[in-house]
Amino acid sequence: MARSQRARPPLDARFFSVASGVNSKDKRLATVRRYYDQTYGIDICTGEYDSMERIMAGLYPDLFNSSLEQQALDAFRALLQLFTERLADTTNNLHANHKRLLYRIIVFFLTHGIDPADITIVTFNQDVQVEKTLERLSETKRWEKVADRLFSFPGLYAIPEATWDAITSPSGGDDDDCFKHTVGNADCLQVLKLHGSLNWYSTHNSKTPTRSAMLNQKRKLSVTQRRTIAPDMKLTSKKTKYTLPVVVPPVTHKSSVLPAVLGPVWELAEKRLIEADEVVVFGYSCPALDFESANLLRRAGEKAHSPTFTVIDPAAEVATRYISLLGLKQLNYYRDGYEYIRGIDE
């Protein structure tokens with residue numbers, strides 16, 4: 001049975017009206033809504049303005065306007081919290097299984113002799129569904145010989161273990177809801193999360209960090225082993241520390257807020273795209289305002305050696321956009337993942 005829109009991971013379109021339907025009295029939603037109403041006379045829950053990316057992109061420059069910065073910061077912080085909580089609430093209870101499309105696609109590649117180290121997942125999603133899928137796959141008897149290379153946590157993120165400020169698990173020691181911390185394996189399948197991840201976080205002395213603290217590119221990042229993510233997670237030892245999930249907001253100049261540790265991850269993603277024999281785009285439409293991502297794809301496309309390029313998306317115009325963006329002479333297009341699976345199985 002299809003999940004209701006309220007129960008699905010948040011989409012850009014109708015983000016605010018759906019969030020209002022879930023909880024019309026949410027204080028964070030009210031903060032963002034009030035800011036736009038009082039500052040611009042706009043109701044973010046209606047029409048073309050009902051877009052998380054549009055509102056976030058509009059809020060960002062206001063953070064640097066001396067007459068608006070405090071109110072804009074309150075709204076910006078509230079929107080980030082609202083987004084990460086909606087994302088956690090709608091994905092925490094999603095379980096990986098052998099029927100999921102990503103699972104089946106990876107199995108197809110493994111069955112046809114592709115080494116795990118030669119499979120790279122470049123994603124702009126910030127949930128941990130990919131990690132759950134790889135963990136489940138690594139636990140099957142069929143792939144036990146390569147299990148440590150199918151899922152190596154947190155090594156799969158291609159961030160050196162010494163770079164993390166901390167690798168944490170729940171204080172109660174409950175391992176049932178945690179990814180197992182494994183010894184890093186340089187030959188593992190890698191998941192390059194270019195827009196951050198819900199289970200990555202920075203620590204702060206206040207639950208309402210300042211603009212400079214939130215956007216500090218040099219802030220130290222930690223990773224939690226939790227599968228079930230709490231965006232408002234607190235760390236308690238001698239002094240309570242508040243955490244902020246490391247997700248890159250959809251603003252037009254992402255490089256100005258991108259944590260320094262992610263720079264090499266973006267570089268590696270470009271390198272893998274250049275070297276790839278096959279590129280499968282699944283669930284990423286490359287929106288027009290995502291300039292950094294589009295530029296990464298263009299640069300890689302200029303240097304790549306004509307890989308097989310496949311787009312899976314219900315909207316045919318997405319395939320057209322990739323043809324135009326990359327100057328492709330040939331592209332394989334499938335309307336959905338099931339059609340792709342049937343195609344590659346033939």
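Me: In this predicted model, how many of the seven residues of β7 are buried?
Reply: Let's start with the strand's setting, bearing in mind that the model is predicted. β7 is largely enclosed by the rest of the structure, because most of its seven residues are buried, and the count is five.

Me: Which strand is joined to β7 by six bridges?
Reply: Two strands are worth checking here. β6 (residues 234-235) pairs with β7 over two bridges, so by the cut-off of at least two bridges it does count as a pair. The six bridges belong to the other antiparallel partner, residues 196-204, which is strand β4.

Me: What is the bridge partner of Thr203 in β7?
Reply: β4 and β7 run antiparallel. Thr203 has its bridge partner in β7, and that residue is Thr243.

Me: And on the β6 side, which residue of β7 does Leu235 stand opposite?
Reply: β6 and β7 pair in the antiparallel sense, and a hairpin of five residues joins them. Across that pairing, Leu235 stands opposite Lys241.

Me: Now the empty space: which element gives the most to the lining of the largest cavity?
Reply: The largest cavity holds about 110 Å³ of space and is lined by 13 residues, with Leu80, Met214, Arg219, Val247 and Pro249 nearest its centre. α4, α8 and β7 each supply at least two residues of that lining. With four residues, the top contributor is β7.

Me: How many nonpolar residues are in the lining of the largest cavity?
Reply: Take the other classes out of the way: one residue is polar and one is charged. The nonpolar count is 11.

Me: What volume does the second largest cavity have?
Reply: β4 and β7 each supply at least two residues of its lining, which includes Leu198, Tyr201, Thr243 and Pro245. By class the lining divides into seven nonpolar, two polar and one charged. The volume of the second largest cavity is about 50 Å³.

Me: Which element gives the most to the lining of the second largest pocket?
Reply: About 520 Å³ of space lies in that pocket, and of its 22 lining residues the closest to the centre are Arg77, Gln81, Lys207, Asp232 and Thr243. α2 (27-40), α4 (69-91) and β7 (241-247) each supply at least two lining residues. The lining has eight nonpolar, seven polar and seven charged residues. With seven residues, the element that gives the most is α4.

Me: Leu221 is in the loop between α8 (211-215) and β5 (222-224); is Leu221 buried or exposed?
Reply: Leu221 touches Thr163, Trp164, Asp165, Ala166, Tyr201, Ser202, Val246, Pro259 and Val261, leaving aside residues up to four places away in sequence. Its relative accessibility is 5%, and the cut-off for burial is under 20%. So Leu221 counts as buried.

Me: How many Å separate the C-alpha atoms of Leu221 and Ala166?
Reply: Ala166 is among the residues that Leu221 touches. The two are 55 residues apart along the chain, yet their C-alpha atoms are separated by 7.5 Å.

Me: Last one, on helix α5 (residues 101-111): how many of its 11 residues are buried?
Reply: The buried set is Leu101, Tyr103, Ile105, Ile106, Val107, Phe108, Phe109 and Leu110. The helix is largely enclosed by the rest of the structure, because the number of buried residues is eight.

Technical notes: Residues are numbered from 1 along each chain as its sequence is written. This is a predicted model: local features need pLDDT of at least 70, side-chain atom pairs count only at pLDDT 80 or more; totals for chains, interfaces and linings use all residues. Side-chain values use heavy atoms; hydrogens and water are left out. Buried means under 20% relative accessible area, exposed over 50%, partly exposed in between (1.4 Å probe, protein chains only). On a 1 Å grid over the protein atoms alone, a cavity is a set of points where a 1.4 Å probe fits but cannot get out, and a pocket is an open set with protein on both sides within 12 Å along at least five of seven lines; lining residues have an atom within 4 Å of a point. Grid points are joined across faces, edges and corners, and a volume is the space filled by probe spheres set on the points. Ala, Val, Leu, Ile, Met, Phe, Trp, Tyr, Cys and Pro count as nonpolar, Asp, Glu, Lys and Arg as charged, and the others, Gly among them, as polar. Contact means heavy atoms within 4.5 Å.
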